[in-house]
Amino acid sequence: AIQLSPGGCLDQNLAKDNITLPNVLLIGVQKSGTTSLAMWLKQVGGVCMSEVQPGEPSFYEKEAHYFSHGHSVENHIYDLDHAQIYARRFAHCCTEQNTALSNVLALDATPYTVLFPKRVRSTFDSVDLTGELAKRVKLIIILREPISRELSAYNHYAFNCREYLQYGPKYTDEHNHTHFRSCSAEVWESEMKRMKNFSEFIDDITLKNARFIPEPDPLVGSSRNMNSCLYADFLREWFSIFDREQILVLSQEELVRDEGSFLNRVHSFLGLSSSIDNFSLRHTNSKDDGHKVEAILCSDEEKLDQVFDPLNEDLYRLLEEYPGPPMEQRPFQKFVKPNCTVEND
């Protein structure tokens with residue numbers, strides 16, 4: 001495993017003005033178990049997380065949404081001034097008692113970060129021009145079978161849309177945090193004023209976004225909208241910007257099938273001191289109002305296979321060619337496709 005070098009809490013001795021950037025990024029992908037892993041790291045591993053700012057929803061503790069800032073926001077750039085604002089979220093991780101320690105771990109688990117390796121590198125390099133700080137950050141990504149991930153994403157958007165239509169845009173949780181519901185364009189058919197079914201979702205969203213777009217210059221402030229299942233394309237970018245030993249690639253299927261092995265890989269990669277015996281992940285995605293789509297049409301699966309099959313093979317070759325840290329699964333487990341259903345006449 002990569003060892004943390006002396007540099008003070010969060011290596012702040014290397015950073016301008018002792019800025020405290022997180023040293024662990026769980027970069028994605030969405031709907032692959034990132035929330036469960038992040039909560040486990042907090043509760044069992046003692047990992048520090050982002051400080052929720054006034055007026056923000058509680059999930060900002062897990063997801064700071066800095067690197068994925070709005071996805072389509074054009075005027076946010078990734079320089080020192082913005083890095084200082086981001087770093088304030090993690091300043092509480094370094095107290096008077098641990099400022100000299102080098103084993104403090106602080107986590108940002110925003111899954112959309114996978115889209116923006118240049119933004120991450122630019123932020124770390126703006127704080128430390130030597131590049132040493134960027135060499136010490138640990139990056140974790142969980143990959144999920146793409147069709148299953150798309151179906152899970154659709155169900156997530158659709159559930160939120162139904163909640164919005166039934167209960168309105170605003171609510172307060174048990175911790176008195178304000179949340180805002182929305183009915184996103186991914187699933188809302190504005191002209192017909194109705195929700196899209198999954199077949200329409202893959203035609204309008206999945207297939208249209210299944211093309212590679214190079215990441216723009218992070219100092220210019222441009223958007224990037226792509227499907228998060230273009231795994232090999234994203235990983236090539238990360239591998240070219242960060243050392244391969246800094247990146248742990250995990251399988252969501254192993255998380256489901258063999259949770260112990262999955263957690264042991266994370267434990268070893270991060271060098272956690274606590275034991276993980278008798279601890280398991282708390283599965284957080286239980287949203288089901290009776291309208292959840294459980295299986296897709298075989299005709300839809302065939303359309304998605306034409307896109308994802310060659311992309312998946314590209315991923316397997318890439319991971320063989322560029323092996324990662326020693327605790328990483330090798331060879332990477334090939335994805336198992338979900339069952340489909342034949343359309344009724």
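Helix axes here are lines fitted to C-alpha atoms over the stretch in contact, and the angle between two of them runs from 0 to 180 degrees, taken between N-to-C directions. Keep that handy for the exercises below. One more thing before you start: you're working with a predicted model.

**Exercise 1. Get an overview of the protein chain: how many helices and strands are there, and what share of the residues is buried?**

Step 1. Start with the parts list: the chain has ten helices and eleven strands.

Step 2. Now look at burial. Of the 345 residues, 53% are buried.

Step 3. Turn to the surface. The chain exposes about 16100 Å², and 48% of that comes from carbon and sulfur atoms.

Step 4. Finish with the contacts. Take those with a separation of 6 or more: 75% of them are between residues 24 or more positions apart.

**Exercise 2. Work out how α6 is oriented relative to α10, and which residues meet.**

Step 1. Find the helices: α10 covers residues 298-321, and α6 covers residues 198-206.

Step 2. Read off the geometry. The two axes come within 10 Å and cross at roughly 25°.

Step 3. Apply the cut-off: angles under 35 degrees count as roughly parallel. So α6 and α10 are roughly parallel to each other.

Step 4. Add the handedness: α6 passes α10 in a left-handed crossing.

Step 5. List who meets whom. On the α6 side you'll find Phe198, Ser199, Ile202, Asp203 and Thr206, and they meet Asp300, Lys303, Leu304 and Phe308 in α10. Sorted by class, this contact has four nonpolar, two polar and three charged residues.

**Exercise 3. Do the same for α5 and α6: what is the angle, and which residues make the contact?**

Step 1. Helix α5 spans residues 146-167, and its axis lies 11 Å from that of α6, at an angle of about 105°.

Step 2. The range 65 to 115 degrees counts as roughly perpendicular, so α5 is roughly perpendicular to α6.

Step 3. From α5, the residues Glu150, Leu151, Tyr154 and Tyr157 meet Phe198, Phe201 and Thr206 of α6. The classes come out as five nonpolar, one polar and one charged.

**Exercise 4. Complete the trio with α5 and α10: where do they cross, and at what angle?**

Step 1. Their axes cross at roughly 125° and come within 9 Å.

Step 2. That angle makes α5 oblique to α10.

Step 3. For the place of contact, look at Pro146, Ile147 and Glu150 in α5, which meet Glu301, Leu304, Asp305, Phe308 and Asn312 in α10. This contact has four nonpolar, one polar and three charged residues.

**Exercise 5. Decide whether Glu145 and Asn312 are buried or exposed, and find their contacts.**

Step 1. Glu145 sits in the loop between β4 (138-143) and α5. Its relative accessible area is 3%. Buried means under 20%, so Glu145 is buried.

Step 2. Set aside neighbours within four places in sequence, and Glu145 is in contact with Glu253, Phe335, Val336, Lys337 and Pro338. Take Pro338: it is 193 residues from Glu145 along the chain, yet their C-alpha atoms are separated by 8.5 Å.

Step 3. Asn312 belongs to helix α10. With 7% relative accessibility, Asn312 counts as buried too. Not counting residues up to four places away, Asn312 touches Pro146 and Phe335.

**Exercise 6. Hunt for unusual backbone: which peptide bonds are cis, and which residues have a positive phi?**

Step 1. Recall the background: most residues other than glycine have a negative phi, and most peptide bonds are trans.

Step 2. Check the peptide bonds. Gly28 and Val29 are joined by a cis bond with omega of about -10°, and Val29 lies in the loop between β1 (24-28) and α1 (34-43). The bond from Arg330 to Pro331 is cis as well, with omega near -5°. Pro331 is found in the loop between α10 and β11 (340-341).

Step 3. Check phi. Asp17 has a positive value near 55°, and Lys31 has a positive value near 65°.

Step 4. Place these two residues. Asp17 is in the segment before β1, and its relative accessible area of 63% makes Asp17 exposed. Lys31 is in the loop between β1 and α1, and at 16% relative accessibility Lys31 counts as buried.

Conventions
Residues numbered from 1 in each chain as written. Predicted model: local features only at pLDDT ≥ 70, side-chain atom pairs only at ≥ 80, totals over all residues. Heavy atoms only, no water. Helix = DSSP H or I, 4+ residues; strand = E, 2+ residues; numbered from the N terminus. Parallel < 35°, antiparallel > 145°, perpendicular 65-115°, else oblique. Contact = heavy atoms within 4.5 Å. Nonpolar A, V, L, I, M, F, W, Y, C, P; charged D, E, K, R; others polar. Buried < 20%, exposed > 50% of the residue type's maximum accessible area, 1.4 Å probe, protein only. Areas by Shrake-Rupley, 256 points an atom, 1.4 Å probe, with all protein chains shown as cover. Left-handed = near helix turned anticlockwise from the far one by under 90°.
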